[in-house]
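Please load the model in your viewer and keep the selection panel at hand. The tour proceeds by selections, and each stop says what is to be found there.

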Amino acid sequence: MSSFLETMMSRAVAHAVQHVSRGGLPFVGLVVRDGQVLSGFGVNRVLETSDPMAHAEIVALREAVASHGQGGLIGATLLATGEPCGMCCHHAIAQGIRDVRVAIDRDVAAEHGFDYRPSYPAFNIGDDLRAAIMHPLRVPGDLLPFTLFLNRRAQKV
């Protein structure tokens, strides 16, 4: 496993922790290729912007496409602190991404209040396709953004 990918995933998790501490959601996306970072750390901005498309991965993909153009992400890797939903997977694939590394898979995300598993069939993301492109990339502390989010939500109740 690439130490570059591990380092960048660790940084993405740190960004997710910071975002949750400011009231945000625990998802961060980052686009990389060949040891280069192609986007900033895209945080989920749905709550802040009321934009239902402002998922972390979409935010990162938008920035990468703006910098590298249509077709400029072919062969890139998408790092995600939580497994991307069907919409985000669909858009990543449409941009040429065939490698998605996830710190927390969709089942663990569901255990932490984010059950978007029904979104995959809506975007024609079957289990075979998921298995082909999604790969775990666990790093120390990768569950922390999700547990912090749950704790913050419990405090508000």
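## Start at helix α3

Select α3 and colour its buried residues, which are Ala56, Glu57, Ile58, Ala60, Leu61, Ala64 and Val65. Bear in mind throughout that this is a predicted model. The buried residues of α3 pack against β1, β3, β4 and α4, and these elements can be added to the display one by one. If you place a ruler between the first and last C-alpha of α3, the helix of 13 residues reaches 18 Å, close to the 18 Å expected at 1.5 Å a residue. Just after α3 comes glycine 69, whose phi is positive, near 80°.

## Strand β1 and its partners

Next, select strand β1, residues 28-33, which is mostly covered, since five of its six residues are buried. Then bring in its partners in turn. Strand β2, residues 36-37, runs antiparallel to β1 and is joined to it by two bridges, with valine 32 standing opposite valine 37 of β2. These two strands form a hairpin with two residues between them, and aspartate 34 in the turn has a positive phi of about 50°.

Strand β3, residues 42-43, also pairs with β1 in the antiparallel sense, over two bridges, and here the bridge partner of glycine 29 is glycine 42. Finally, add strand β4, residues 77-82, which pairs with β1 in the antiparallel sense over four bridges; in this pairing valine 31 stands opposite leucine 78.

## Valine 31 and the nonpolar core

Which residues have the most contacts inside the largest nonpolar core? They are Val31, Leu73, Leu79, Ile97 and Phe114, within a core of 43 residues. Each of α1 (3-21), β1, α3 (56-68), β4, α4, β5 (99-104) and α8 (144-156) supplies at least two residues of this core, and its largest share, six residues, comes from α3, the helix where the tour began.

Now centre the view on valine 31 and show its surroundings. Leaving aside its neighbours within four places in sequence, valine 31 is in contact with residues that include Ala60, Leu61 and Ala64, as well as Leu73, Leu78 and Ile97. Also among its contacts are Gln36, Val37, Leu38 and Ser39, which may be worth showing as sticks while β1 is still in view.

## The salt bridges

Switch to the charged side chains, bearing in mind that side chains of opposite charge can pair when their charged atoms come close. How many salt bridges does the structure hold? There are eight salt bridges, of which three make useful stops.

Select glutamate 83 and arginine 130, which form a salt bridge with their closest N and O atoms 2.7 Å apart. Glutamate 83 lies in the loop between β4 and α4 (86-94), whereas arginine 130 lies in helix α7 (residues 127-133), so the pair ties together parts that are 47 residues apart in sequence. Both glutamate 83 and arginine 130 are buried.

Move on to aspartate 115 and arginine 117, whose side chains meet in a salt bridge at 2.7 Å, N to O. Here aspartate 115 counts as partly exposed at 45% relative accessibility, and arginine 117 likewise counts as partly exposed, at 33%.

The third stop is arginine 138 with aspartate 142, a salt bridge in which the closest N and O atoms are 2.6 Å apart. Arginine 138 is exposed, with a relative accessible area of 52%, whereas aspartate 142 counts as buried at 3% relative accessibility. To finish with the charged groups, select Glu83, Arg106, Asp127 and Arg130 together, which are joined into one network by salt bridges that share partners.

## The cysteines

As a last selection, display the cysteine sulfur atoms. With a disulfide taken as a pair of cysteine sulfur atoms within 2.5 Å, the count comes to zero disulfides. Cysteine 88 is in no disulfide, and the nearest cysteine sulfur, that of cysteine 85, is 3.7 Å away; at 0% relative accessibility, cysteine 88 counts as buried. Cysteine 89 is likewise in no disulfide, with the nearest cysteine sulfur, again that of cysteine 85, 6.8 Å away, and cysteine 89 counts as buried at 2% relative accessibility.

Technical notes:
Residues numbered from 1 in each chain as written. Predicted model: local features only at pLDDT ≥ 70, side-chain atom pairs only at ≥ 80, totals over all residues. Heavy atoms only, no water. Buried < 20%, exposed > 50% of the residue type's maximum accessible area, 1.4 Å probe, protein only. Pairing = 2+ DSSP bridges. Salt bridge = Lys/Arg side-chain N within 4 Å of Asp/Glu carboxyl O. Core = buried A, V, L, I, M, F, W, Y, C linked by side-chain atoms within 4.5 Å. Contact = heavy atoms within 4.5 Å. Expected span 1.5 Å × (residues − 1).
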